[in-house]
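Student: I am new to this structure and would be grateful for a close look at a single part of it. Please explain that part in one connected account and then place it in its wider setting.

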Amino acid sequence: MPDLHGHQVRVTLPAGWDGRITVRRDGSAEALRTAGGPVVFTARPQPVVHIANFALPEERADFGNGAVELMGDRDVLVVLFEYEPEAVETPMFAARGLPRSLTAADFDPAMLRRGIAGHTGHQSFFRQSGRAFCLYVVLGSTTRRARLIPLVNAVLETVQITPRTPG
Amino acid sequence: MLVLVVIEAVVLALLALLVAGLLRSHAEILRTLHDLGVGRDPLAETGGATSPVRAPTLARATAATRADQPPAVDVVGTSPGGDAVVIGVSAAPQPTLLAFLSSGCITCRHYWDTFGAPGLDLPGGARLVIVTMGPEAESEAAIASLAPAAVTVVMSSEAWDAYEVPGSPYFVFVDGESGGIVGQGTAPEWDQVVRLMTEAGDDGALEAGRAGADRRARRAERRRLDDRAREARADEILMSAGIHPGHPSLYADPDHPDHPEHPER
């Protein structure tokens with residue numbers, strides 16, 4: 001089975017699955033500010049892992065817009081979105097370790113970044129190896145979630161995250 | 001003296017025979033190379049060949065040839081921008097056309113341009129993936145400048161080895177449902193590649209993949225239409241409430257004390 005690895009993240013994919021580890025190409029820092037106020041946070045592009053059991057389109061957003069529209073009821077999309085290293089100290093990332101055994105109770109259509117009828121989603125924020133991540137999962141069918149969640153868990157089981165090295 | 005003249009004449013005759021043989025052999029080699037398409041430059045304005053030249057080796061796999069072929073494998077490599085990439089091919093829900101191209105070959109230039117054209121249609125709902133040699137053998141900058149925005153490009157020397165690619169351009173057509181190689185080879189023209197894929201689809205070999213790809217395309221189109229309808233509905237509701245483009249409430253600062261939803265109001 002093929003290995004996807006980069007930026008100190010490694011995932012083993014089942015045959016026929018697509019995977020990408022991307023860092024936004026523009027490379028520019030993104031200043032986040034309160035409405036009309038000062039800059040409160042400067043985000044620099046960080047690695048984003050996309051894993052899917054369907055063909056990932058080239059043009060897609062960090063949280064899968066552009067890809068989720070193509071999903072059928074047998075499809076799953078897994079996103080590992082890394083945040084700034086400083087974020088690891090914030091309460092939002094207090095949970096330790098990547099969730100590897102999701103259940104039906106972990107999914108809710110309200111968790112979708114883009115609500116599409118029939119889809120359901122999962123979001124969790126965690127820290128691992130001194131790094132802050134969001135795990136975002138989209139299932140192409142709520143009714144088939146009992147069959148789709150094991151596919152996701154099988155991939156999550158193989159994810160290895162090690163501390164970032166400089167450069 | 002007479003003996004010497006006779007010997008000299010015999011030697012000359014033998015030499016003439018040898019030269020004639022060499023010329024004939026040379027002509028045979030040139031004709032064979034010409035038939036194979038070697039030296040044909042599709043971009044040259046005045047080509048040497050005026051008669052049609054058959055595609056040299058592009059061929060569909062038969063039951064007999066499939067047994068000798070290496071199995072289809074997923075493509076692992078990097079994008080021209082350095083992303084780690086895995087492309088599912090062997091058990092993918094749709095057929096995949098792997099186009100092995102390079103930045104230097106002249107015939108490949110025709111394919112880079114063709115694949116960059118908008119609305120490129122692949123028979124059987126196939127997915128197109130361009131595979132170049134890895135960064136150790138290809139210029140990432142050159143590939144990045146050639147890569148069409150909407151087509152997946154993977155740099156992977158391992159894939160060239162796995163599919164035993166003899167040179168570029170080279171095409172491998174894989175049926176994802178069965179994981180089998182449906183056809184492979186090289187061709188100077190895109191039409192010949194399309195014909196190979198169409199015939200494979202007509203045989204029913206790719207029926208499941210084609211149906212899946214069609215469903216996926218219809219679903220994407222329906223969702224695009226849903227988006228437009230949702231946007232139109234939102235516009236209609238906002239406008240019926242007197243909120244038109246440029247309305248100040250659209251740009252109000254929610255933290256400002258005068259904002260209608262500010263907690264201190």
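Tutor: Let us begin with one pair of residues: Arg10(A) has Gln160(A), in β10(A), as its bridge partner. The model in which this pair appears is a predicted one. Arg10(A) and Gln160(A) are bridge partners, and two bridges in total join strand β2 of chain A, residues 9–12, to β10(A). These two strands run antiparallel. In general, strands of a sheet pair through backbone hydrogen bonds, either parallel or antiparallel.

The pairing belongs to an open sheet of three strands in chain A, with the order β1-β2-β10 and antiparallel pairing. Its edge strands are β1 (3–6) and β10 (160–161) of chain A, each of which pairs on one side only.

Between β1 and β2 of chain A there is a loop that contains Gln8(A). Gln8(A) is not a glycine, yet it has a positive phi of about 60°. Most residues other than glycine have a negative phi. With 16 other C-beta atoms within 10 Å, Gln8(A) is partly exposed, because residues count as buried from 20 such atoms and as exposed at 12 or fewer.

The wider setting of the sheet is chain A, with one helix and 10 strands. From the N terminus on, the elements follow the sequence β-β-β-β-β-β-β-β-β-α-β. Of the 167 residues of chain A, 38% count as buried. Among contacts in chain A with a separation of 6 or more, 61% are between residues 24 or more positions apart.

Chain B offers a further setting, with seven helices and eight strands. Buried residues make up 31% of its 265 residues. In helix α3 of chain B, residues 106–116, the buried residues are Thr107(B), Cys108(B), Tyr111(B), Trp112(B) and Phe115(B). Seen down the axis of α3(B), these buried residues fall within an arc of 145°, so they line one face of the helix. The face turned away from that buried side carries the exposed residues Ile106(B) and Asp113(B).

Chain B also has a loop between α5 and β7, where Glu164(B) is placed. Glu164(B) has a positive phi of about 50° although it is not a glycine. Glu164(B) is exposed, with 11 other C-beta atoms within 10 Å. Pro169(B) lies in the loop between α5 (157–162) and β7 (170–175) of chain B as well, and the peptide bond from Ser168(B) to Pro169(B) is cis, with omega near 0°.

Technical notes. Residues are numbered from 1 along each chain as its sequence is written. Chains are lettered from A and ligands numbered from 1 in the order in which they are written. This is a predicted model: local features need pLDDT of at least 70, side-chain atom pairs count only at pLDDT 80 or more; totals for chains, interfaces and linings use all residues. Helices (H or I, at least four residues) and strands (E, at least two) are DSSP runs, numbered from the N terminus. The arc is that of the directions from the helix axis to the C-beta atoms. Two residues are in contact if their C-beta atoms, placed from the backbone, lie within 7 Å. Two strands pair if DSSP finds at least two bridges between them.
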